[in-house]
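Q: I would like a close look at one part of this model. Please start with the charged pairs, then walk me through the rest.

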Amino acid sequence: MKDEGHSETFFTPSFLVRNVLWIAGAALIYFSVARLSLLLIFEPEGIAAIWPPSGIFLSAILLTRRELRPWLVGALFITDFIAEMLAGTPGIVSLFYALILTGDAVLSTWLILRFVGEPITFRRVRELVAWLLLSVVLSNALASLAAAVVSQALLGASFWKSWQEWMASDGVGNLIITPLILSWAAWGRTRWGDRKIKRALEATALFILLVLFNYLAFSLLTEYSLFSLLLTYLTFPFLLWAALRFEVCGLAFASVIMAAIAIYYAFNGHFINNILYQDSPLDTVITVQLYLAFMVAPAIFLATTVAERRQFEEALGASEDKFKHMFEYSNVGKSITQVSGEKSANRALCEMLGYSREELQSHKWQEITHPDDIELTQRVTDALLSGEKDAARFTKRYLHKNGSVVWGDVSTSVRWDEAGKPLYFMTTIIDNTERVQAEEMLRDSEELFRDSFYHSGIGRAHAEPMSGRFLRVNPAFCEFTGYTEGELLQKTLIELTFPEDRESTFSLFRRLALQEIRTFMQEKRFIRKDGAIVWANVSVDMLFDDEGHPMIGTAVIQDITERKQAEQKLKEYSEHLEEMVEARTRELREAQEQLIRQEKLAVLGQLAGGVGHELRNPLSVINSAVYYLKLVQPEASDKIRQYHAMIEQEVHNAEKIINDLLDFARLGSVDRESVNILGLVKRVLERFPAPACVEVSLDLPEGLPKVFADPRQMEQVLGNLVVNAYQAMREGGGLTISAHQQMQMVAIIVKDSGVGISSENMQKLFEPLFTTKAKGIGLGLAVSKKLVEANGGRIEVSSEPGRGSTFMVYLPVDDR
Amino acid sequence: MMSESLSILVVDDSPSMATSLVDILDIKGFEVYAAQSGAEALEILREHAVDILLTDVKMPDMNGVELYREARKIYPNLTTFLMTAYAADGIIQQGMAEGIRTVLNKPLNIDFLLTLFSVTMGFITKED
């Protein structure tokens, strides 16, 4: 009932041949050994003294491929049946015996596979025990039971004896043959070391001595003595030798030799019991069987133990070797530090720290640790020893022999013994120096970046490449825009941009992201939080990742508002420059003219003062002289009197001119007081009464405030104006004097209906030495203007030639 | 009559001025002396009793006020008038404070001067 896949492989010609040969070989060996064994049958039970085929059967099944086993079992069953038949055993008995033997082998196999698993090689005590108990004892016992029933029923043999004999012969056969076959089958897997020739010589010596000793022992049995009996047991040390030195292979071989010799002598009546007790052949068989069982069983135990031990040692050695290799040749530093402080380090650690192995062992760990990290290391060690942690990983600094710092990524754990005492620390140290230095450099460069970014006096910002949203801004930029950092991170570069500049910024930023340009610089406007528009020079760069995607836009924003404002002003200035130059030129010309006038006035003042005074003396003399002449000539002719009067009149005129000059020259002290306009006007009109042809009218409101001025100077001013008016109206006319308040001033208006003033004369009207009169030196209005101004007022004029003139004197209201 | 009339000393560095005044005052019946400098005036004052001193302010050797001060040492109650062609200045102010009666601007109003003398004469006569 095999599936096709299997049958195909199974029935390929070469495979088939090999399998058939295998089964046939097994059957042939089985048949030969069975025939040989059947020669050793002790009558009357017809049971062989030793039955090696049982071991062959079991071994053959175990060594055969699983799918081939049924065929093998069948083949051996038939072989056994034939062998029995040929030995003269009745057919039915042969059949049963063959069945029982087959059943024993199958049951043993099943039990071994069930409890041990294949393959068994007699290298483990567990395998040995399982085989002994399950196969040699249990399965054998059951088979023997069946065989005893058959023997009794069909051959009339004693049940008890049959059972005993079957079990002994079958068991001993199994005991001797199975280890031999299975151990030798596993030969290839056994390592004998390098000294193969020596081993071979030893093996040869062992077997020669074994054979010799056995031969001697059994030969000497003919002479009855306790010594010769003892001698037969002295073959045991040879078994021990085989077991200890050659394990199961050697022992099994030795066992077979010993068994062969023992059986040979037993069959020939030279066995222990024959000599000692002269007993029945059956007893001889039993004696041989017991002899073999008790000699072989302990030895095979020993052999297996030795094998197992050797394997264990080999495994341990291999493991130690692996560990040692792992420790010693690891690329990372490793050390094992005893709790007492002794430590061993591997090559990598020695190289890492620059010490030789011996130097490193003689240094305490504190001596190779950076002083600042000793405390840390101690803390970790304590935590591990207190059981707080099983293992620890931390970074610490070691000191290289040359004094430099080595950064170590340290993993350490404690090995505890079964009693819970710490044995040693297992430590792995990875040289981290380069990474730490790289990290430090990175940190430094990050710090540098942070510093240069955040502490820059110039605005800096990072923005997302697509949206332009700010990712990072510095305080200078916050100050520039008037927003807080938090507010700015919610905004985009475009949002902050003045609407007219948005399009250009947007398109430049996009071209930057598309790598059309590498960088751009733009002078543009921003809108501050308070709505003010500010100017900045913005230079923007873009960072790209490895795949060329834009990652971050970086902007440097320099406030150029002041410069822009200055530029704007400059532009405005340049536009108005012409106008301004013109105005300024005019001002300058006027100032110059003013200066000239003032200089003229100053010179005139000095001259007038000097001349005026000096002229008074001669005038005074003339005056006195005329007075005297009039006095001494009371009876003078009319003509003379007329001349006297002429002289007097001209003295008077001269004096008036001199007074004008002196008034003009003397910017004497101004003595200001509260002055009533009405009183002032009246005094003036009294002093300078109007000629008959002039009609005077006054328009002075009653509530007019008083002015604060020097009354005598104001009388002079008004008198001057009034006299001028009279002179302008020689043909007659009207003089109107009016006054009104205008802000903080009182305007006194003197209006005549005289000849008026031509426009070309208007400008020079108040200049000294200007006059339109035939008489007079032209100081009247100049003096008037000076006096009014000295009193905090001003004087204005308007005129229409032919229609008259109007003089307006403004004086400050007395508001004290 | 003459002895009862006021005696006036006219001092002016201008001889014409002094002479014309002396002539006028002489005709008007005053006893008149004339000097053309302060020193000359003081000499006259020491030799003659004078009721009124009429002096120019600005003169070469000493000014009118200084002359007044010297004259008062001789006549403590001497009535003094100043004549000046110049504006009122500090010297004149000082003189007025020290007892000079008045200042007359040149050219002199002779009628006003005579009136002034008449009034003064009344004072002096009464005092006498």
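How many salt bridges are there over all chains? And which residue forms a salt bridge with Glu487(A)?

A: Keep in mind that this is a predicted model. The count of salt bridges comes to 33 over all chains. In general, side chains of opposite charge can pair when their charged atoms come close.

Now zoom in on one of these pairs. Glu487(A) forms a salt bridge with Lys529(A). Their closest N and O atoms are 2.9 Å apart. The pair links distant parts of the chain, with the two positions 42 residues apart in numbering. Glu487(A) sits in helix H18 of chain A, residues 485-488. Lys529(A) sits in a loop of chain A, between strand E10 (519-527) and strand E11 (533-544).

Follow E10 back to the loop before it. That loop runs between helix H20 (499-513) and E10 of chain A, and it holds Gln515(A). Gln515(A) is not a glycine, yet its phi is positive, at about 65 degrees.

Next, look at charges on the surface. Glu440(A), Asp444(A), Glu446(A), Glu447(A) and Asp451(A) form a negative surface patch. One of them, Glu447(A), lies in helix H16 of chain A, residues 433-454.

Chain A has a nonpolar surface patch too. Ile92(A), Leu95(A), Phe96(A), Leu99(A), Leu154(A) and Leu155(A) make up this patch of about 490 Å². Helix H5 (91-115) and helix H6 (125-155) of chain A each give two or more residues to the nonpolar patch. H5(A) gives the largest share, 4 residues. Leu154(A) belongs to helix H6 of chain A.

Then turn to helix H10 of chain A, residues 236-267. A straight helix of 32 residues would span 46 Å at 1.5 Å a residue. H10(A) spans only 21 Å between its end C-alpha atoms. H10(A) also has a kink of about 145 degrees, centred on Phe246(A).

Finish in chain B. A cis peptide bond joins Lys106(B) and Pro107(B), with omega about -5 degrees. Pro107(B) is in the loop between strand E5 (102-105) and helix H5 (110-127) of chain B.

Terms used. Residues are numbered from 1 along each chain as its sequence is written. Chains are lettered from A and ligands numbered from 1 in the order in which they are written. This is a predicted model: local features need pLDDT of at least 70, side-chain atom pairs count only at pLDDT 80 or more; totals for chains, interfaces and linings use all residues. Side-chain values use heavy atoms; hydrogens and water are left out. The expected span of a helix is 1.5 Å times one less than its number of residues. The bend at a residue is the angle between axes fitted to the seven residues ending there and the seven starting there. Patches are made of residues with over 30% relative accessible area and no salt bridge: like charges are joined within 9 Å, nonpolar side chains (Val, Leu, Ile, Met, Phe, Trp, Tyr) within 5 Å. Accessible areas come from the Shrake-Rupley method with a 1.4 Å probe; for residues, only the protein chains shown count as cover. A salt bridge is a side-chain nitrogen of Lys or Arg within 4 Å of a carboxyl oxygen of Asp or Glu. Lys and Arg count as positive and Asp and Glu as negative; His and the chain ends are not counted. The place of a charge is taken as NZ of Lys, CZ of Arg, CG of Asp or CD of Glu.
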